[in-house]
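This briefing walks through selected features of one protein chain, beginning with a side-chain contact and ending with totals for the whole chain. Please keep the sequence and the structure in view while reading.

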Amino acid sequence: MKKILKILWKIVREILQTISIFAVLGASWTAATYVTRFVYNWTGTPKWDYVVHLLDLFVGVIIFFLCMLIVGMFFKNRQIAMLTAITDAMRRISQGDFNVKMDDQKWRGEFKMIASSINDMAGELGRMESMRQDFISNVSHEIQSPLTSIRGFARALRNPRLTEEKRARYLEIIEGESRRLSQLSDNLLKLSSLEGDQPVFERARYRLDGQLREVVLANEPQWLAKRIQVDLDLAEVQIEATEDLLNQVWTNLLHNSIKFTPEDGIITIVLKADQDEAEVTITDTGVGMTESDQLHIFERFYKADKSRNRAAGGSGLGLSIVKRIVDIHQGRIAVQSELGKGSTFTVKVPYKRSLDTK
């Protein structure tokens, strides 16, 4: 409705502008007539009507262009003021001030579009700057925590009276924190490569059900250690995709389910297909998530409430990587969860579609 009203208003405005021009032309012709008559009172009227009309036309054109010149000077001042405001806004944005807000309601035409675009650009750049600062803060926090732990336990190892049991325990903690730093670095590099300007991915056709079975078998020691039952219901599905990337998706999702499912729990993996896409669901009987956690779970460094151990021990990058890989395959991922009753991750991937290279 608003779009229709804007179109109608544009048409009405064009009509009014046209009418205004003709009105000025008429007024100029009328003024020219009075001017020439005044002059004729002193000089006498020419004998030929053609000359009279020609002089009226000439004087009318001069009056019309004078009117247009005056109007143009008025609008020129307004345009200069608008251009000055636009230049000032662009200068502030270039200096890092993204709180620029131009009042585009009082402007019209192309200038209103430019002002609106500048407001949108400033808002988007401000959002990106906020994300950048949050990213740096989160990375610094994630790195600082294990480094502090390593430094503290390394200092404790200098104690000559430390028992062998404690010494072994401290060394185990240092090794674990080192692995955590290494995993964080690996995930950051992987996320950076996936979000590059021109990522290049090679597709191949393979059996998705076979890949899921291999992922489950590769992680068998982890789920057997917690006596978790893994149920598979896999249809025979062939898909054309980047096998290594999707392998990372299933591995990350299965690791999450194993990590947050208590002992003697159940993980169910179902693969089915329709005419256009394959659907994989991974359901666990773990601790689950709140509705708030579900809204942010795919954001970088987001961690659910640690008191529930939903994201304990991780960097908060695993599901961000999963989301990006699914997006690259032009698929979709969703989560359904209830606190204390487990979670279900659903991934839908087209059988065959060009990979996103944006």
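Which side chain is joined to that of Asn 252 by a polar contact? In this predicted model, the partner is Gln 248, and the polar contact between the two side chains spans 2.7 Å.

**Surroundings of Asn 252**

- Asn 252 belongs to helix 7, which covers residues 243–260.
- Asn 252 has a relative accessible area of 13% and is therefore classed as buried, the limit being under 20%.
- When residues up to four places away in sequence are set aside, Asn 252 touches Gly 318, Ile 321 and Val 322.

**Aromatic pairs**

- With ring centres required to lie within 6.5 Å, the count of aromatic pairs comes to two.
- One of them is formed by Phe 153 and Tyr 170, whose rings are 5.0 Å apart from centre to centre, with 50° between the planes, an arrangement that counts as tilted.
- This pair links distant parts of the chain, since Phe 153 sits in helix 3 (residues 109–156) and Tyr 170 in helix 4 (residues 164–194), with their positions 17 residues apart in the numbering.
- Phe 153 is partly exposed because its relative accessible area of 24% falls between the limits of 20% and 50%, whereas Tyr 170, at 19%, counts as buried because the value is under 20%.
- Another pair joins Phe 298 and Phe 345 at 6.3 Å from centre to centre, and the angle of 80° between the planes makes the pair edge-to-face.
- Here too the pair links distant parts of the chain, 47 residues apart: Phe 298 lies in the loop between helix 8 (291–296) and helix 9 (318–328), while Phe 345 lies in strand 7 (residues 342–350).
- Phe 298 counts as buried at 18% relative accessibility, and Phe 345 likewise counts as buried, at 1%.

**The chain as a whole**

- The secondary structure of the protein chain consists of nine helices and seven strands.
- The protein chain has 358 residues, of which 34% count as buried.
- If one takes the contacts between residues at least 6 apart in sequence, 69% of these contacts join residues at least 24 apart.
- The area that the protein chain exposes is about 23200 Å², and 57% of this area is supplied by carbon and sulfur atoms.

Methods. Residues are numbered from 1 along each chain as its sequence is written. This is a predicted model: local features need pLDDT of at least 70, side-chain atom pairs count only at pLDDT 80 or more; totals for chains, interfaces and linings use all residues. Side-chain values use heavy atoms; hydrogens and water are left out. Rings of Phe, Tyr and Trp (its six-membered ring) pair if their centres lie within 6.5 Å; planes under 30 degrees apart count as stacked, over 60 as edge-to-face and the rest as tilted. Helices (H or I, at least four residues) and strands (E, at least two) are DSSP runs, numbered from the N terminus. Buried means under 20% relative accessible area, exposed over 50%, partly exposed in between (1.4 Å probe, protein chains only). A polar contact is a pair of N or O atoms within 3.5 Å; within protein, one must be able to donate a hydrogen and the other to accept it, and residues adjacent in sequence count only if both atoms are side-chain atoms. Contact means heavy atoms within 4.5 Å. Accessible areas come from the Shrake-Rupley method with a 1.4 Å probe; for residues, only the protein chains shown count as cover.
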